[in-house]
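Welcome! Please take a look at the structure below, and then we can walk through a few of its details together.

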Amino acid sequence: MSFIASRLGPGVVALLVTAGLTLSSTPVEAAAPRAVAKTVVRCTTRHHVRHCVRVAVHPAKRTVKKTPVASKPQPKPTPVAIVTTAPSGSLVAQELALVNADRRAAGLPALAESAALDRIATARAQDMATNGYFAHYRPGHTTLAVLELLRANGVAFSWYGENIIWESGQPAAAVASHFNTWWMNSPEHRANILNTHYGHIGIGVAVSGSRVYMVEDFTN
């Protein structure tokens, strides 16, 4: 997962992208780790912007004698309510056009908008806006939120990915272009938009106060 926070004119932007989902040569369902991995954050600074990537680190196997203790119950996942209609606002249409223009410029086929992915992306954006967090994982959960929703809604896939972003301070007419420019200037987000394995996209938007959240969810 990567995080970028910076200021451009009056606008403040934060971005996150799923890591290890779209850059692997193995379908994600077949690439699930068998051992619990720890994560570390590695950061670099480029052009006055701080880039941090969360990297999974698999610990070496070792035998340790431990005194048996009672296991703590895992928190029960809380279902995410899916909105019943996909967003049809101009932001979604503008971003879809920008994504497909970027793919066309790279010699790639356009992504087809998916109603199911629109609903999932909208639910993700609304959940973050309503509950005051910004992450690919819902608070207290250990499974990626988009993966939970793909499975819960019976969406067939072998590959998936997600881009998320929020912004405050941009004129409404400039938001979609602003978001897309940020994503295309970030290697991880750009990799999702131009991924050759994807054929479908869903885009969701939510507003909380002055913040505008946008989510892009991708599948093959």
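## Two helices that cross

In this predicted model, helix 1 (residues 90-105) and helix 4 (residues 175-185) cross at roughly 35 degrees, and their axes come within 9 Å. The crossing of these two helices is right-handed.

Which residues make the contact? From helix 1 come L91, Q94, E95, L98, V99 and D102, while helix 4 brings V175, A176, S177, N180, W183 and M184. By type, the residues where helix 1 meets helix 4 are seven nonpolar, three polar and two charged.

## A buried asparagine in a loop

Next, find the loop that runs between helix 5 (187-193) and strand 7 (200-208), where N195 lies. Is N195 buried or exposed? With a relative accessible area of 6%, N195 is buried, because that value falls under the 20% cut-off.

The side chain of N195 also has a partner: this side chain reaches the backbone nitrogen of H197 at 2.7 Å.

## From H197 to strand 6

H197 leads us on to Y160, a residue of strand 6 (residues 160-168). How far apart are Y160 and H197 in sequence and in space? In sequence, 37 residues separate Y160 and H197, and in space their C-alpha atoms are 8.7 Å apart.

Y160 counts as buried too, since its relative accessibility is 3% and buried means under 20%.

Note on methods. Residues numbered from 1 in each chain as written. Predicted model: local features only at pLDDT ≥ 70, side-chain atom pairs only at ≥ 80, totals over all residues. Heavy atoms only, no water. Helix = DSSP H or I, 4+ residues; strand = E, 2+ residues; numbered from the N terminus. Buried < 20%, exposed > 50% of the residue type's maximum accessible area, 1.4 Å probe, protein only. Polar contact = N/O pair within 3.5 Å; in protein donor to acceptor, adjacent residues only side chain to side chain. Axes fitted to C-alpha atoms, helices over the stretch in contact; angles between N-to-C directions. Left-handed = near helix turned anticlockwise from the far one by under 90°. Contact = heavy atoms within 4.5 Å. Nonpolar A, V, L, I, M, F, W, Y, C, P; charged D, E, K, R; others polar.
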